[in-house]
Amino acid sequence: MEQQAIWALIIFLLTYALIISEKIHRTVLAMAGAALMVMFGILDQESAVHHIDFNTLGLLIGMMIIVNTTAKTGLFTYIGIWTAKLAKGNPITLMGLLALITAIGSAFLDNVTTIILMVPVAFSITRRLRVKAFPYLFSMILATNIGGTATLIGDPPNIMIGSAVKELTFVAFMENLAPVAMIILVVILPLVILIFRKELKKGFAHQQSLMEIRLEGLITEKKLLIKCLIALGLTLLGFFLHQYLHLETATIALAGAFLLLLLTGEHVMEQAFRSVEWPTIFFFVGLFVLVGGLVETGIITRVAEEVMRLTGGDPLTTSMLILWLSALASAFIDNIPLVATMIPMIQDMGGMGIQNLEPLWWSLALGACLGGNGTLIGASANLIAAGMSAKEGEPISFLKYMKYGLPLMILTILISSLYVYLRYFM
């Protein structure tokens, strides 16, 4: 291996190890690693910028502006309390409904944003029921990662895959991943309710207190809500039609965001830009440059050749290897850097004898998104929920989460394996 490739691999692995350790903020590490790639001459500035996927960044920024502005209207709190009343305060029915709403929200907003909006709702409900929040939070974490699997915009790995492979449209993601996501949700939710049924039954004594909460006044800005729903509706319509409009998803998301800012005025614009999760955006920037260093030095190609050697180039074996490898790896390391590394590897396989790469892309999406449910550090949504729970005085330990999460995650990957086999290889 030539010297430049060795340096690129050292920088990448060192950055990756420090990200996993969580001793230093991952954005700082990713940007520092990217800077080292340029300083060591592995990439020049022009090629570093070339490897940054601005479509992914634009899509994330646009959706963050729309969703965070909508949150200020009180809509999501209203939905949570309305759900509680619909369930008549029944703690078991309520957990299922909240998980279902979280899954749907994650599919069309994104899983990180959805979990941020839903965790406070869960705590307001569990305090009334006088039960531990963990069963509700656990079901929401599972649901947000399952729901996020169903669409192009639901989970960052899907956003990255859709941006890298132009043929995989918003509709294609829904057609290929939404069916299996729904099947998994139908299987997993009853199991979660069964696991926590004793804890949930304690809430029956206090369900009447939930019914006393009034819905009036929860929507704080009705005019802003109407404008937000118009912008969000047009944006989602644009996603469905983007292959016919010949527009990238980033263009549609940013157009929807700036339409909303045009309708709302300058005072909302300043708040909207402050609400964008800039550390997440710059984490992606650093990550794209880090992986670019591996691409430019040929390391990714060598890994792809080794995978092809192991599987003999058989599409089914390769799909299953990618599915299980990405799932097990995503359980213990963040799925975003994993997917950033695997995308160019699968692209290289296209030139090594595998004619139809689609099953490989869907296997990667399923493995990376669902694998995040395995442990507390598997996905960004998990860590955010755990952090918010700790602030509320109910910390979630790594082992407690893994005790329930890892077996259920393995079950979802077994279901996914059967789905991939039956749909693409029968």
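Select helix H13, residues 222-245, in this predicted model. This helix supplies eight residues, the largest share, of a nonpolar patch on the surface. To display the whole patch, select Ile226, Ile230, Leu234, Leu237, Phe240, Leu241, Tyr244, Leu245, Leu247 and Leu263. Together these residues have about 910 Å² of accessible area.

Next, centre the view on Leu247, one of the members of the patch. Leu247 is placed in the loop between H13 and helix H14, the latter covering 249-264. Is Leu247 buried, exposed or partly exposed? Its relative accessible area is 37%, and Leu247 is therefore partly exposed, since that class lies between the 20% limit for buried residues and the 50% limit for exposed ones.

Now move to Ser163, in helix H9, which covers residues 156-164. Ser163 has a relative accessibility of 4% and so counts as buried, the limit for that class being under 20%. Which residues should be shown around Ser163? With neighbours within four places in sequence left aside, Ser163 is in contact with Asp53, Asn55 and Thr56. For Asn55, display the side chain as well: a polar contact of 3.2 Å joins it to the side chain of Ser163.

The next stop is helix H22, residues 398-424, where Met402 is found. Select Phe332, Gly374, Thr375 and Pro407 together with Met402; these are the residues that Met402 touches when those up to four places away in sequence are not counted. Then add Trp361, which is 41 residues from Met402 along the chain. A distance drawn between the C-alpha atoms of Met402 and Trp361 should read 27 Å.

Finally, zoom out to the whole protein and colour it by secondary structure. The display should show 22 helices and zero strands. Aligned to its principal axes, the C-alpha trace spans about 70 × 50 × 45 Å. The radius of gyration is 22 Å, which agrees with the value near 22 Å for a compact globule of 426 residues.

With the full chain in view, colour residues by accessibility: buried residues make up 57% of the 426 residues. A surface representation covers about 17,900 Å² of accessible surface, and 67% of this belongs to carbon and sulfur atoms. How are the contacts distributed along the sequence? Of those between residues at least 6 apart in sequence, 81% join residues at least 24 apart.

Definitions and conventions: Residues are numbered from 1 along each chain as its sequence is written. This is a predicted model: local features need pLDDT of at least 70, side-chain atom pairs count only at pLDDT 80 or more; totals for chains, interfaces and linings use all residues. Side-chain values use heavy atoms; hydrogens and water are left out. Helices (H or I, at least four residues) and strands (E, at least two) are DSSP runs, numbered from the N terminus. Buried means under 20% relative accessible area, exposed over 50%, partly exposed in between (1.4 Å probe, protein chains only). A polar contact is a pair of N or O atoms within 3.5 Å; within protein, one must be able to donate a hydrogen and the other to accept it, and residues adjacent in sequence count only if both atoms are side-chain atoms. Contact means heavy atoms within 4.5 Å. Patches are made of residues with over 30% relative accessible area and no salt bridge: like charges are joined within 9 Å, nonpolar side chains (Val, Leu, Ile, Met, Phe, Trp, Tyr) within 5 Å. Accessible areas come from the Shrake-Rupley method with a 1.4 Å probe; for residues, only the protein chains shown count as cover. A salt bridge is a side-chain nitrogen of Lys or Arg within 4 Å of a carboxyl oxygen of Asp or Glu. The radius of gyration is taken over C-alpha atoms; the globule rule is 2.2 Å times the number of residues to the power 0.38.
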